[in-house]
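Work through the exercises below with the sequence and the 3D view open. Try each task before reading its solution.

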Amino acid sequence: MTKFKKTHPEEEILERFSMGRLVEPELGEFEEHLLICDRCQERLDEATEFTALMREAAGKVAEEAPVESAWRQWLRLDWLPGRMPALAGAMVILMAVLAWQPWRAAAPGEWRTVELATMRGGPPPLAALEGYALHLRLDVTGLDAAGTTAQIVSANGALVTDTPVALVEGKAELRHAAGLEAGQYWVRLKKAGKTVREYSLAVARR
Amino acid sequence: MMLTIPDETIPSGNSEPADPEGVAEKEWAGLVESIRAGDQDAMTKLYTTFGRGVRYYLSRQLGAQEIDDKVHDTFLVVLGAIQRGELREPDRLMGFVRTVVRRLVATHIDRLVEERRERTDLEDGFQMADERVDPERDTLRRQKMEIMQEVLQTISRRDREILTRFYLYEQCQEQICREMGLNDTQFRLLKSRAKQRFAELGRRRLEKPNTSENNILRKSAGA
């Protein structure tokens with residue numbers, strides 16, 4: 001007997017499904033329930049729309065927010081664990097600043113939008129700079145991109161991130177707030193576990 | 001549709017039964033047996049039970065194109081398997097239908113990838129469906145986006161950061177709770193409040209004077 005045979009799934013299940021985070025065995029149980037429950041199909045549509053709207057709105061609000069300089073973020077001292085004597089705290093700050101060199105880092109919240117399309121032949125154009133948060137817009141011409149996820153993979157095959165994409169104005173969009181170090185990456189669109197398109201992403205040094 | 005309060009009244013946990021078609025699990029075996037015996041009514045019942053769900057699933061995975069053919073293909077496979085006696089566990093009929101649909105989706109995607117590999121130039125007469133939304137849907141979506149931005153701009157910076165981490169940066173709940181000093185209940189409550197705020201702001205817009213845009217919003221909400 002499936003988990004959702006006698007009852008409807010909770011909102012959290014619908015949300016996790018709409019974000020591509022529901023895994024087996026809950027995924028199977030939920031999909032079987034969806035096959036026969038009209039009401040949960042409607043609920044899932046609402047949850048999917050809410051998630052997509054929230055993601056897009058959060059992106060817009062984040063882009064429009066005033067950029068706080070790296071120094072001001074450090075001065076807020078939110079990262080200090082618990083209370084520390086003032087001098088010890090100052091020493092920690094000084095050592096961290098000397099190690100971190102914030103004058104070299106991109107300010108938090110500083111985004112770059114990068115348009116990616118598949119290309120044939122020739123070296124890929126440089127598309128991004130290290131240190132910037134990335135807003136990637138992928139050309140999905142000729143592709144049914146509904147339900148796809150995107151993976152960013154480094155040149156040595158290490159998975160950097162795996163995230164659902166949002167379809168906005170005919171492009172698949174994803175955001176990578178952590179930015180990337182300089183180097184060659186691949187962005188793969190996946191559907192039902194299969195790669196349906198791959199893009200080259202070169203990140204240059206600043 | 002999106003202007004109702006998130007449906008906490010929808011039965012979850014131990015409440016209203018979720019078997020809308022009245023085909024209880026123990027009846028799957030009977031249905032399968034009837035199909036194997038060639039009962040046309042049983043085949044019709046299979047379609048009416050699963051047809052809408054299969055169509056919904058395919059539409060979500062593949063878009064709206066060629067759905068009728070895919071639905072038809074799904075039931076051909078299911079019926080064929082039942083009639084050949086290949087469904088070893090008849091009471092797992094739902095799971096079998098799900099498996100067939102998923103395989104059909106995967107096969108379709110494989111075919112698309114293969115076609116793309118073989119296609120050398122988009123200018124070779126390739127036609128694509130125009131996926132632009134119609135103006136009314138476009139207006140509706142824009143309004144909902146404005147409402148959602150207003151929700152985010154009117155909450156505290158901390159709450160906004162939590163929601164942004166979850167929905168935009170897709171950090172998991174555990175990481176957010178750990179780094180932001182929240183427990184699970186606080187996290188869920190924050191999301192629930194955001195959804196309720198969204199519904200509330202949407203209702204307020206509905207109450208505003210008649211404009212063509214508000215009429216679109218009302219129409220969408222079924223008002």
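Helices here are DSSP runs of H or I with at least four residues, strands are runs of E with at least two, and both are numbered from the N terminus. The model is predicted.

**Exercise 1. Write down the pattern of elements in chain B and count its helices and strands.**

Solution. Step 1: read along the sequence, chain B gives α-α-α-α-α-α-α-α-α. Step 2: the count is nine helices and zero strands. Step 3: as for burial, 25% of the 223 residues in chain B are buried. Step 4: take the contacts in chain B between residues at least 6 apart in sequence; 60% of them join residues at least 24 apart.

**Exercise 2. Find the strand order of the four-stranded sheet in chain A and identify its edges.**

Solution. Step 1: the order is β1-β3-β7-β6 in chain A, in an open sheet with mixed pairing. Step 2: β1 (111-116) and β6 (166-168) of chain A each have a single partner strand, so they are the edges and one side of each lacks a neighbour in the sheet. Step 3: from one strand to the next the twist averages 30°. Step 4: at one edge, β6(A) runs antiparallel to β7 (residues 171-176) of chain A, joined by three bridges. A:V168 has A:K171 in β7(A) as its bridge partner. Step 5: helix α3 (residues 38-64) of chain A lies across β1, β6 and β7 of chain A, at about 70° to β6(A).

**Exercise 3. Trace the five-stranded sheet of chain A from edge to edge.**

Solution. Step 1: this open sheet has the order β2-β9-β8-β4-β5 in chain A, and its pairing is mixed. Step 2: β2 and β5 (159-164) of chain A are the edges, because each has a single partner strand. Step 3: β2 (residues 128-129) of chain A runs parallel to β9 (residues 194-204) of chain A, with two bridges; A:L129 is paired with A:A204. Step 4: β9(A) pairs with β8 (residues 183-191) of chain A in the antiparallel sense over nine bridges, and A:G183 is opposite A:V203. Two residues separate β8(A) and β9(A) in a hairpin, where A:A192 in the turn has a positive phi of about 50°. Step 5: six bridges join β4 (residues 149-154) of chain A to β8(A), again running antiparallel. Here A:S154 stands opposite A:Y185. Step 6: helix α4 (residues 93-118) of chain B packs on this sheet, touching β8 and β9 of chain A, and its direction makes about 55° with that of β9(A).

**Exercise 4. Classify the packing of α2(A) against α2(B) as parallel, perpendicular or oblique.**

Solution. Step 1: α2 (residues 26-36) of chain A and α2 (residues 40-62) of chain B pack at about 120°, with their axes 6 Å apart. Step 2: roughly perpendicular covers 65 to 115 degrees, and roughly antiparallel begins over 145. The two helices are therefore oblique to each other. Step 3: A:L34, A:L35 and A:I36 meet residues of α2(B), among them B:F50, B:V54 and B:Y57. By class, this contact has seven nonpolar, two polar and no charged residues.

**Exercise 5. List the buried residues of α6(B) and say what covers them.**

Solution. Step 1: in α6 (residues 157-168) of chain B, the buried residues include B:I162, B:L163, B:T164, B:F166, B:Y167 and B:L168. Step 2: the cover includes α3 and β7 of chain A, together with α5 (135-154), α7 (173-180) and α8 (184-206) of chain B. Step 3: after α6(B) comes B:E170, with a positive phi near 55°.

How values were computed: Residues numbered from 1 in each chain as written. Chains lettered and ligands numbered in written order. Predicted model: local features only at pLDDT ≥ 70, side-chain atom pairs only at ≥ 80, totals over all residues. Pairing = 2+ DSSP bridges. Axes fitted to C-alpha atoms, helices over the stretch in contact; angles between N-to-C directions. Contact = placed C-beta atoms within 7 Å. Parallel < 35°, antiparallel > 145°, perpendicular 65-115°, else oblique. Nonpolar A, V, L, I, M, F, W, Y, C, P; charged D, E, K, R; others polar. Buried ≥ 20, exposed ≤ 12 C-beta atoms within 10 Å, placed from the backbone.
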